[in-house]
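The following briefing is meant to be read alongside the sequence and the coordinates. It goes from the overall fold to the sheets and then to single residues.

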Amino acid sequence: MFIKIAPKVRVYLPKEQLQFIDKYRKYDFFRNSQLEVNEINIAKSLADKSIFVRKKLDNDVQYALNRKVRFND
């Protein structure tokens, strides 16, 4: 599935990453310490793709869904 992150910019996401987004979409934010071990790498790659925004805290990392992202079904 392609996700629109900006005008004329789309990013392809595999099914595993889409399931992760659906799982955490309802939260305003979540922390790295709340994730399972395999979900940490997924969150990092989605932050690299600009789907999530990442805020580094003193002892943790906080993620939130980018508000400008549009899902094309």
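The protein, seen here as a predicted model, contains two helices and six strands. Read along the sequence, these elements follow the pattern β-β-α-β-α-β-β-β. The radius of gyration is 12 Å, close to the 11 Å that the globule rule gives for 73 residues, so the protein is as compact as a globular protein of that length.

**Overall dimensions and surface**

- Taken along the principal axes, the C-alpha atoms of the protein fill a box of roughly 35 × 20 × 20 Å.
- Of the 73 residues, 36% count as buried, and the accessible surface comes to about 5400 Å², of which 47% belongs to carbon and sulfur atoms.
- Among the contacts in the protein with a separation of 6 or more, 49% are accounted for by residues 24 or more positions apart.
- The protein carries 16 positive and 9 negative charges, and the mean positions of these two sets are 8 Å apart.

**The sheet of β2, β1 and β6**

- One open sheet has three strands in the order β2-β1-β6, with antiparallel pairing. Strands β2 and β6 (70–71) stand at its edges, each with a single partner strand, so one side of each is left without a neighbour in the sheet.
- Strands β1 and β2 pair in the antiparallel sense over four bridges, and within this pairing phenylalanine 2 stands opposite tyrosine 12 in β2.
- Strands β1 and β6, which also run antiparallel, are joined by two bridges, with isoleucine 3 standing opposite phenylalanine 71 in β6.
- As general background, the strands of a sheet pair through backbone hydrogen bonds, either parallel or antiparallel.

**The sheet of β3, β5 and β4**

- An open sheet of three strands is also formed in the order β3-β5-β4, again with antiparallel pairing. Here β3 (30–31) and β4 are the edge strands, each with a single partner strand, so one side of each is left without a neighbour in the sheet.
- Five bridges join β4 to strand β5 (residues 61–65), and these two strands run antiparallel.
- Lysine 55 has glutamine 62 in β5 as its bridge partner.

**Residues with positive phi**

- Lysine 8 lies in the loop between β1 (2–6) and β2 (9–12), and its phi is near 70 degrees, a positive value in a residue other than glycine.
- The hairpin of β1 and β2 has two residues between the strands, and it is in this hairpin that lysine 8 takes its positive phi.
- Is lysine 8 buried or exposed? With a relative accessible area of 86%, which is over the 50% cut-off, lysine 8 is exposed.
- Serine 50, although it is not a glycine, has a positive phi of about 70 degrees, and its place is in the loop between α2 (37–48) and β4 (52–56).
- The relative accessibility of serine 50 is 34%, and this residue therefore counts as partly exposed.

**Two buried polar residues and their contacts**

- Glutamine 17 is found in helix α1 (residues 15–24), where it counts as buried because its relative accessibility is 9%, under the cut-off of 20%.
- Which residues are in contact with glutamine 17, once its neighbours within four places in sequence are left aside? They are Ile42, Ser45, Leu46 and Lys49; of the elements named above, α2 spans residues 37–48, and Ile42, Ser45 and Leu46 have numbers inside that range.
- Asparagine 66 lies in the loop between β5 and β6, and at 19% relative accessibility it counts as buried, the cut-off being under 20%.
- Leaving aside its neighbours within four places in sequence, asparagine 66 is in contact with Ser50, Ile51, Phe52 and Val53. Among these partners, Ser50 is the residue with a positive phi in the loop between α2 and β4, whereas Phe52 and Val53 carry numbers that fall within β4 (52–56).

Terms used: Residues are numbered from 1 along each chain as its sequence is written. This is a predicted model: local features need pLDDT of at least 70, side-chain atom pairs count only at pLDDT 80 or more; totals for chains, interfaces and linings use all residues. Side-chain values use heavy atoms; hydrogens and water are left out. Buried means under 20% relative accessible area, exposed over 50%, partly exposed in between (1.4 Å probe, protein chains only). The radius of gyration is taken over C-alpha atoms; the globule rule is 2.2 Å times the number of residues to the power 0.38. Contact means heavy atoms within 4.5 Å. Accessible areas come from the Shrake-Rupley method with a 1.4 Å probe; for residues, only the protein chains shown count as cover. Lys and Arg count as positive and Asp and Glu as negative; His and the chain ends are not counted. The place of a charge is taken as NZ of Lys, CZ of Arg, CG of Asp or CD of Glu. Two strands pair if DSSP finds at least two bridges between them.
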